[in-house]
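Visitor: Could you take me slowly through a single part of this structure, the sheet and what lies around it, and then show me how the two copies meet?

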2 protein chains.
Amino acid sequence: MAMTKLSEHVLDQPQENSVELVPGLAHSAGFLINRSGRIIRERITAALEPLPLTPQELGILRILEARGPLSQHALSRVHSIDRTTMVHVIDGLEHREFVVRMRNTSDRRSHLVYLTPRGRKTLARAIKIAQKVQDEFLAPLSTEEWESMRLSLIKLLSHHRL
Amino acid sequence: MAMTKLSEHVLDQPQENSVELVPGLAHSAGFLINRSGRIIRERITAALEPLPLTPQELGILRILEARGPLSQHALSRVHSIDRTTMVHVIDGLEHREFVVRMRNTSDRRSHLVYLTPRGRKTLARAIKIAQKVQDEFLAPLSTEEWESMRLSLIKLLSHHRL
DNA sequence: TATTGTTATACTCTATAACTATA
DNA sequence: TATAGTTATAGAGTATAACAATA
């Protein structure tokens, strides 16, 4: 359980809310986005732990569901991690029987990664759990506020081609 | 230089833009926020490298400037990292003479961390550099769009007390 | 020659546990 | 007893370099 404990630190010292008291940080995109990202990532990590699945693995299962079987290298490009990192991630998923590697018959250098039925089932559960955490996290925003923020984030990602 | 290379991976394979092609991820707050956070963090990391300063260290210098001298433990609470991690961070900043530790005369267990003149000068340079990276990162958004997103992020952070 | 997957290795960031000095 | 700082250690996540198999 290598969860960080971002929440507990400050909860008992609410007067030290860094956003309110450090004006510069309240205007820093890097601070605001990364701090928010850390909070939701921690919560999703904790919520998915019993499956067990990490947020990163959830992302990979989602890509496989949407795009069908992919080679490890293609998967690592879509997911923006190094192919050497992907080896270990797929090792873990295969060990839990959420995916299987199969030789690509048309290019025997590559392995195609397939979702297993068990992987699909776990994916469905994980999506529900992540959705619930997300709803709680986004609770302070109106539907319109989140939709506006979501579209802005997609604009940023599209523009920077990632 | 242990920078990740999020940009380069996909730039030569633009058709594999994961946001556009994986519908589930385009609605995932965790994915969108963390991916955006990673991009801006990488860019600020690269831009601050010559100072040298990390984004995390920049945050600490900003807190010290806004709040005055703080103990390491107080600083670790405001910045939401463990006090044992803070030891190493302050070690690094002190080694570059951006801060100094001084015994707190009213509680001799604690060290107060002070910004040095050199630290202030570096902070000023770093803020300018980070601002430029931020402006480039936010370029696809209108002023109103970023302001709306900024207020939403602050709402999220305030609500979750971090 | 170039690419895919792999292994070995290392770096960064973070945490936990146990210690010392002080309260 | 409790807290501040420290040290030693470990884990997660990521990268680079070198290699074998295949194209």
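Guide: What follows goes from the sheet of chain B to its helices, then to the salt bridges and the relation of the copies.

This is a predicted model, in which local features need pLDDT of at least 70 and side-chain atom pairs count only at pLDDT 80 or more, while totals for chains, interfaces and linings use all residues. Residues are numbered from 1 along each chain as its sequence is written, chains are lettered from A and ligands numbered from 1 in the order in which they are written, and side-chain values use heavy atoms, with hydrogens and water left out.

In chain B, three strands make up an open sheet whose order is β1-β3-β2, with antiparallel pairing; strands here are DSSP runs of E with at least two residues, helices are runs of H or I with at least four, and both are numbered from the N terminus. Two strands count as paired if DSSP finds at least two bridges between them. The edges of this sheet are β1 (70–71) and β2 (99–103) of chain B, each of which pairs on one side only. Between β2(B) and strand β3 (residues 111–115) of chain B there are five bridges in the antiparallel sense, and within this region B:Val100 stands opposite B:Tyr114 in β3(B).

Two helices lie across the strands, and their directions are given as angles from 0 to 180 degrees between N-to-C directions, using axes that are lines fitted to C-alpha atoms, for helices over the stretch in contact; contact means heavy atoms within 4.5 Å. Helix α4 (residues 55–67) of chain B lies across β1, β2 and β3 of chain B and runs at about 95 degrees to β3(B), while helix α6 (residues 83–95) of chain B lies across β2 and β3 of chain B, at about 115 degrees to β2(B).

Helix α5 (residues 72–78) of chain B holds B:Ser76, which is buried, as its relative accessible area is 2%; buried means under 20%, exposed over 50%, and partly exposed in between, with a 1.4 Å probe and protein chains only. Apart from neighbours within four places in sequence, B:Ser76 touches B:Ile81, B:Asp82, B:Arg83 and B:Met86.

Now to the charged side chains: a salt bridge is a side-chain nitrogen of Lys or Arg within 4 Å of a carboxyl oxygen of Asp or Glu, and by this rule there are 16 over all chains. B:Arg101 forms one with B:Glu94, where the closest N and O atoms are 2.7 Å apart, and B:Glu94 is partly exposed at 28% relative accessible area. In chain A, a network of salt bridges links A:Asp91, A:Glu94 and A:Arg101.

Another salt bridge, between B:Lys155 and A:Glu145, has its closest N and O atoms 2.5 Å apart. B:Lys155 belongs to helix α8 (residues 143–159) of chain B and A:Glu145 to helix α8 (residues 143–159) of chain A, so this pair joins two chains.

How are the copies related? Superposed by least squares on the C-alpha atoms of residues with pLDDT of at least 70 in both, chain A falls on chain B after a rotation of 180 degrees with 0.0 Å of shift along its axis, at an RMSD of 0.0 Å. The two copies are therefore related as by a two-fold rotation axis. In chain A, the C-alpha nearest that axis belongs to A:Met149, at 2.7 Å from it. The same surface serves both copies, since 100% of the contact residues of chain A recur in chain B.
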